[in-house]
Each structure stands twice: as C-alpha cells, then as structure tokens.
Amino acid sequence: KGLLIKNGTALERLAEVDTVVFDKTGTLTMGAPEVTNLGALPADVVAVAAGLAAGSSHPLARALAGVAGVRAAVSDVREVPGYGIEGMWQGQRVRLGRAEWCGAEPLAVTATYLSLGGTVYSFTFADALRPGAEAAVAALRADGRRIILLSGDAVGAVAELAGRLGIEEWSAGVLPAEKAARVAALSAEGRRVLMVGDGLNDTGALAAAHVSISPASALDAARVASDIVLLGQDMAPIADAVRISRQAVRRMVENFIISGGYNVIAVPLALMGAATPLAAALAMSLSSITVSLNAMRLK
C-alpha cells in the first residue's frame, strides 16, 4: 500500500533489514522549504542568488529560484554535488551553497550561502515535516530497527529534527561520498541497510544499500537508483512495508513446507496406486486452498 516495488528481490531484502538510514531534506521533510529572510537582503543579491539557483535541482535552490522576482544573468554555471553551484556574474565568480564552500560560518538553522564580491550572504529556510515521518520512525524503532539520520544540512537544523523524531544517531554536514561510505561501512559490519533518500546527493548511498526507497517526488536519478518508490507523501507505509515483508517471507516459507509435505505424502501413494483419481483431485485442490488461505493471513 503506497509503495511501488521495482524488482522481485526487493521484498525479500526488505525483510532482512535491521538498520534504516534516512536523509533529511525532501525525505523526512517535505522538500518544499520557504525562504524566511528574503526581504532583508538587497535586490541585486537576491537576483544573483536566483540566477545561480535556477541551475540546480536542490530543494533549497528550487525554493529560492521560485520566489525571486528577478534573476541575474549568470554564465558558466556548474553544480558541484554536495557543495553547491557556481558561475560568473559581471566578470566575477559567484557561489551558492554550503557555508564552508562559500567562506562563511554555518548558521544553526537550515540555510544556503551566497559568495558575492568578497561578501557572504545567507538565505534561511523553514521546511515542514513529511506526513507520517514521526509514525514511521517510531514504528521502525519499536520493531527493533537501528535508525540513523545522515544530512548535509547544518548541525542545528539536523539536531532539532533528530530530537523531534527521537533519532539518537545523526550526522550533519555529510557529503554525498560520505553518505555512501557510511552505508558501505554498515554493510561491511554485517548490517542489512535500508536507505531512504530523495536527492542527487543520495544516489551513491541508495545504490550501496541492501535495499533502498525514494519518494515519488525524488529526482529521477534517485528513483532510478532505488528499489522501491514511495508513491504518496505519507511515510507511514515504509514501516508497514518492512513489517509486512517479514510476514510475507514467513508465509512463503510456510507454503513451501505445506506444498512439500503434500507431495511427500501424496506422490508415493499415487505411485503405489493407493489413490483414486477423485482422491488425487481432492488432495490437489485441498493443497491449493491451504496455501491460498495461509497467504491470505497477511491481510
């Protein structure tokens, strides 16, 4: 319910999960942040930032590009995954992205930074929690899963969200390669990792995980890299899917045992001529009905 499973082995691998790694922006949050300090910044600064932001698919950049009335003409624009986007404006290099990349001290809230003419300007954002995020995290934790939050966002913003959701293991300022390396390290420890992410920065981690999920709102690259797509905005189906996958695998094993037991008993009887055609037909029908009823227990 609410999930699109892209390959047949994903359900079985989902049943083996013991660790769940979440991204923050666009995954646990809606990924539709709003700029909170736009009116406090000069119009030309906002225009340059919007001109750069138009060349990026990051949720913060999309939000900034969408609300700015005017965009400056920025040339030679290129995105640096995990850091931000840069280009040339009036003969000078300008950057929009991470604080350290732009030469600034990070704020304690979600923000992106613009380096322009030797000055760094900050754009702050607020983002709503995705529906069902609290329920999904709580259900996964109650089911014995280890929960980890890995985000490229500022320490303050990540700490606030982790505290709100009760996630004890979290890291802020994480680069894309570091996310993938963390997932790979967990796998090397014998963990079966479910990675849940939505952005270009998450694709390496999604590919490295034992099984992965991305929201339908995720970038194409993230959806391609994931095994399962969350169709709606609600995250609650993720915890349901992990629980149901374990039950489904158990039912499949039980059905193999039931079918095998019927064959072990019925085939020798048939070979000895002890079973009439009617008895054989009834036994075959009973076997099919039993297997079907056992599978229906998942409801």
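On the surface of this predicted model, Val264, Ile265, Leu269 and Met272 together make a nonpolar patch of about 430 Å². Take Met272 as your starting point: you will find this residue in the loop between helix H11 (236-271) and helix H12 (277-296). Is Met272 buried or exposed? Its relative accessibility is 62%, and because exposed means over 50%, Met272 counts as exposed.

Now let us turn from the patch to the pockets. Rolling a probe the size of a water molecule over the atoms shows where empty space is left. Here, the largest pocket has a volume of about 750 Å³. Its lining is made by 42 residues, and those closest to the centre of the pocket are His58, Leu60, Arg98, Gly152 and Asn201.

Which helix or strand gives the largest share of this lining? That is H4, with four residues. Helix H4 (59-67) is one of several elements that each supply at least two lining residues; the others include strand S4 (75-80), strand S5 (84-89), strand S6 (92-97), helix H5 (99-102) and strand S7 (111-116). If you sort the lining by class, you get 19 nonpolar, 14 polar and nine charged residues.

Finally, let us look at Leu14, which sits in helix H1 (residues 10-15). Leu14 has a relative accessibility of 1% and so counts as buried, since buried means under 20%. How far apart are Leu14 and Arg98? Along the sequence they are separated by 84 residues, and in space by 34 Å, C-alpha to C-alpha. Arg98, you may recall, is among the residues closest to the centre of the largest pocket.

Key:
Residues are numbered from 1 along each chain as its sequence is written. This is a predicted model: local features need pLDDT of at least 70, side-chain atom pairs count only at pLDDT 80 or more; totals for chains, interfaces and linings use all residues. Side-chain values use heavy atoms; hydrogens and water are left out. Patches are made of residues with over 30% relative accessible area and no salt bridge: like charges are joined within 9 Å, nonpolar side chains (Val, Leu, Ile, Met, Phe, Trp, Tyr) within 5 Å. Accessible areas come from the Shrake-Rupley method with a 1.4 Å probe; for residues, only the protein chains shown count as cover. A salt bridge is a side-chain nitrogen of Lys or Arg within 4 Å of a carboxyl oxygen of Asp or Glu. Buried means under 20% relative accessible area, exposed over 50%, partly exposed in between (1.4 Å probe, protein chains only). On a 1 Å grid over the protein atoms alone, a cavity is a set of points where a 1.4 Å probe fits but cannot get out, and a pocket is an open set with protein on both sides within 12 Å along at least five of seven lines; lining residues have an atom within 4 Å of a point. Grid points are joined across faces, edges and corners, and a volume is the space filled by probe spheres set on the points. Ala, Val, Leu, Ile, Met, Phe, Trp, Tyr, Cys and Pro count as nonpolar, Asp, Glu, Lys and Arg as charged, and the others, Gly among them, as polar.
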